[in-house]
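Q: Please take a close look at one part of this structure. Pick a single element and go through its surroundings.

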Amino acid sequence: MIQALPPPPPAVEAPAPERSAATEDRLRVAAALTEARVSVDSGFSGASIVLYGAVFNPGDDPTDVVVVVRGPDAPVRLVKKTRNLGVWLNSRPVVFEGAPGFYMTASTRPLGDIADFGDLRRLGVGVDHLRINAPEESRVVTRYGVRDVVISRLGEDYLDWRRAVIRLREAAALYNTDPEGVRFVDRGLFRAEIELPAVAPTGQYFAEVWLFQDGDPVSVSNLTLTVEKVGIERDIFEFAHNRPWTYGVLCVLLAAFTGWAASRIFRRQ
Amino acid sequence: MDIYLPIAEVSVNWPLLVLLGAVVGFISGLFGIGGGFLMAPILIFLGIPPPVAVASQASHVVASSTSGVISYTTRKAVDYRIGGVMAAGGVLGALAGVELFRYLLLLGQADLVVALSYLIFLGAIGTLMLYESLGQILRRVRGQVTPHKERRRPLWLYGLPLRMRFPRSGLYISAIPPFALGAFAGVLSAIMGVGGGFILVPAMLYILRMKASVVVGTSLLQIIITTAMTTVLQAGRNQTVDIVLSTILLLGGVVGAQYGARWSGRFRAEELRAVLGLIVLLVGIQMGLELFVRPSDLFGFAPGVAE
């Protein structure tokens, strides 16, 4: 927007002095990440990022800090096994949307003690309050010439399905709830750790640091984190997705060459 | 010692993968098989997503079969004519198989079909091999003479049109049965991630009645062409071939295969077949078991997320 240009700087006025934490008169939270960029290279086996921050609290009322980290959305297809004639078979897959590929909360106390259900639900804080939903209506989608039914009316076991999405992602360390993950290291100064497993999806992550007082959210600080493939890992991934046929032919040639080379080397010996 | 696989998007211990490649390569050299039926289940067990495991190890089969075909060609033990007919079928089968696999992934039934294929084909072939080779060992121990087998081909092989001469195999039969056999192996190669040698070799011996000396070399030729096709198709259609994973497996695999081939001379053929039959049967049962055992979690992710 052109009209949103910042006003010209005042000509003579001296810059306002930085206000220190002690002189802050408003209840506020500030936070930062040790790394805003996580590189996925050939040695990547997960990453641990430290989030640190400060609570500016002019009063004496105790506060709670909740850190929420949300990865890029990754819809899932879920199947349920049912027993038919003694054999365990998969049901038709159900697509769940709105499930982030990574989600964690860390807090000073269990979330239920910090705020009430309604506030947490409204803010989407906590793994139970993720808006994971099967699409509202049953519809038929054709993908790659295959008719795929996306069902939503799951009936009474809907909650079981929803819980299964969370449980399976928790098992893969993609969803995590740590009620003691935020630790105060000094008065007003806290830290939390974000543990990214090796299977964490690449893309843009959003971190929210909420400050609660007496059960009400009073301040929030937003941070972003980028997880991206770098170096040869990214080159291979992009090659495989941009030029899949060339990539496939190259894989075969490499394999055939290795086989031929091995037989030559071993015959000489 | 962990390495991140760019397509599988998981981190694995690479010395373990080299070792796995070497062990499977050794077994494949020892028994003259591709070893795909062993590799795919172990990779899945190690946490590689099944579609990536199946697609990536196909190129491992290409490498080990290439060095096999070279050594069989120098011994004039490859019938390129019938191998070509089978490979033509194999290419068609691979095309159909990759599309079928894609469809099954969308339906969420890929693991059912993979488990069933392993149970049925490996179970049947393993049982037959074990039965036949144990009988032969027992007869040898008792000092009996092996009964002479009737060397007659099934009559229907002669009733079909498109007859061709295959001098090296000593055959003058219709091109349809080898073509169909190749196509069948091609479908299996796409679904199970195997070369299909365990089906091809017995079928070429007992149904087509090819000369035994050219059977293994010719089946390897068919396997190379089919699995090469499968690899290209899986990469092109599904983007599930992980070149880092297959290269690590190859390094161990080609070395293991050479040592396995040297060791194979130390054992009697029927003893080798008995051990192989047992391995094949056990893998088949292990893969099939999941159909009957109550799963620890009733829910599971279906691969192939909607785009």
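A: What follows looks at one helix of chain B, then turns briefly to a sheet in chain A.

The model is predicted. Take helix α2 of chain B, residues 36–45. Seven of its 10 residues are buried, so the helix is largely enclosed by the rest of the structure. The buried set is B:G36, B:F37, B:L38, B:M39, B:A40, B:P41 and B:L43. Here, buried means 20 or more other C-beta atoms within 10 Å of the residue's own.

What do these buried residues pack against? Their partners are helices of chain B: α1 (14–31), α3 (50–74), α5 (110–142), α7 (176–192), α8 (197–206) and α11 (269–289). After α2(B) comes B:G47. The phi of B:G47 is positive, near 100°.

Now the sheet in chain A. It is open and has six strands, ordered β2-β15-β14-β4-β8-β11. The pairing is mixed. At the edges stand β2 (37–40) and β11 (175–178) of chain A. Each has a single partner strand, so one side of each lacks a neighbour in the sheet. From one strand to the next, the twist averages 15°.

The partner of β2(A) is β15 of chain A, residues 216–229. The two run parallel and are joined by four bridges. Within this pair, A:S39 stands opposite A:E228 of β15(A).

Last, the domains. The assignment for chain A gives domain 1 (22–229) and domain 2 (231–269). Four residues from domain 1 and five residues from domain 2 make up the contact. On the domain 1 side, these are one nonpolar, one polar and two charged residues.

Key. Residues are numbered from 1 along each chain as its sequence is written. Chains are lettered from A and ligands numbered from 1 in the order in which they are written. This is a predicted model: local features need pLDDT of at least 70, side-chain atom pairs count only at pLDDT 80 or more; totals for chains, interfaces and linings use all residues. A residue is buried if 20 or more other C-beta atoms lie within 10 Å of its own, exposed if 12 or fewer, and partly exposed in between; C-beta atoms are placed from the backbone. Two residues are in contact if their C-beta atoms, placed from the backbone, lie within 7 Å. Two strands pair if DSSP finds at least two bridges between them. Axes are lines fitted to C-alpha atoms, for helices over the stretch in contact, and angles run from 0 to 180 degrees between N-to-C directions. Domain bounds come from an automatic or database domain assignment. Ala, Val, Leu, Ile, Met, Phe, Trp, Tyr, Cys and Pro count as nonpolar, Asp, Glu, Lys and Arg as charged, and the others, Gly among them, as polar.
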